[in-house]
Amino acid sequence: MTGKASIQITAASAAEIQNLANLLQSTVNTVEYADLVKLLTKVKTQPGIVKTALKFI
């Protein structure tokens, strides 16, 4: 089953919104569903983990 979801994004410009939307869509198309849910759940519960992860990227 497939579906469509809408989200509200606030950004400084339409270009920033479009860039984020493109990156999110690319991620959804590339990363397996279970892994994406696990990642986003971890970010939601421990947002500081993003800064730590970015140090290694």
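**Exposure, a surface patch and a pocket**

At 61% relative accessibility, Ile7 counts as exposed, because exposed residues are those with over 50% relative accessible area. The structure is a predicted model. This briefing considers four residues, then a nonpolar surface patch, and finally the largest pocket.

**Ile7, ahead of the helices**
- Ile7 is found in the segment that comes before α1.
- The C-alpha atom of Ile7 is separated by 21 Å from that of Gln46, and these two residues are 39 apart along the chain.

**Leu20, within helix α1**
- Leu20 has its place in helix α1.
- Leu20 counts as partly exposed because its relative accessibility is 37%, and partly exposed residues fall between the limits of 20% and 50%.
- From C-alpha to C-alpha, Leu20 and Phe56 are 21 Å apart in space, and they are 36 residues apart in sequence.

**Val31, between two helices**
- The loop between α1 and α2 contains Val31.
- With a relative accessible area of 33%, Val31 is partly exposed.
- Val31 and Lys42 are eleven residues apart in sequence, and their C-alpha atoms are 15 Å apart in space.

**Ile49 and the nonpolar patch**
- Ile49 belongs to helix α3, which covers residues 49-55.
- The relative accessibility of Ile49 is 33%, so this residue counts as partly exposed.
- Ile49, Val50, Leu54 and Ile57 together make a nonpolar surface patch of about 390 Å².
- Residues in such a patch must have over 30% relative accessible area, and the 33% of Ile49 is therefore sufficient on this point.

**The largest pocket**
- Rolling a probe the size of a water molecule over the atoms shows where empty space is left.
- The largest pocket holds about 890 Å³ of space.
- Helices α1 (14-30), α2 (33-45) and α3 are the elements that each give two or more residues to the lining of this pocket.
- In total, 25 residues line the largest pocket, and those nearest its centre are Leu24, Thr27, Val28, Leu36 and Leu40.
- How many residues of the lining are nonpolar, polar and charged? The lining of the largest pocket consists of 20 nonpolar residues, three polar ones and two charged ones.

Definitions and conventions. Residues numbered from 1 in each chain as written. Predicted model: local features only at pLDDT ≥ 70, side-chain atom pairs only at ≥ 80, totals over all residues. Heavy atoms only, no water. Patch = residues over 30% accessible without salt bridge, like charges linked within 9 Å, V, L, I, M, F, W, Y side chains within 5 Å. Areas by Shrake-Rupley, 256 points an atom, 1.4 Å probe, with all protein chains shown as cover. Salt bridge = Lys/Arg side-chain N within 4 Å of Asp/Glu carboxyl O. Helix = DSSP H or I, 4+ residues; strand = E, 2+ residues; numbered from the N terminus. Buried < 20%, exposed > 50% of the residue type's maximum accessible area, 1.4 Å probe, protein only. 1 Å grid on protein atoms, 1.4 Å probe; cavity = no way out; pocket = protein on both sides within 12 Å on 5 of 7 lines; lining within 4 Å. Points joined across faces, edges and corners; volume = space filled by probe spheres on them. Nonpolar A, V, L, I, M, F, W, Y, C, P; charged D, E, K, R; others polar.
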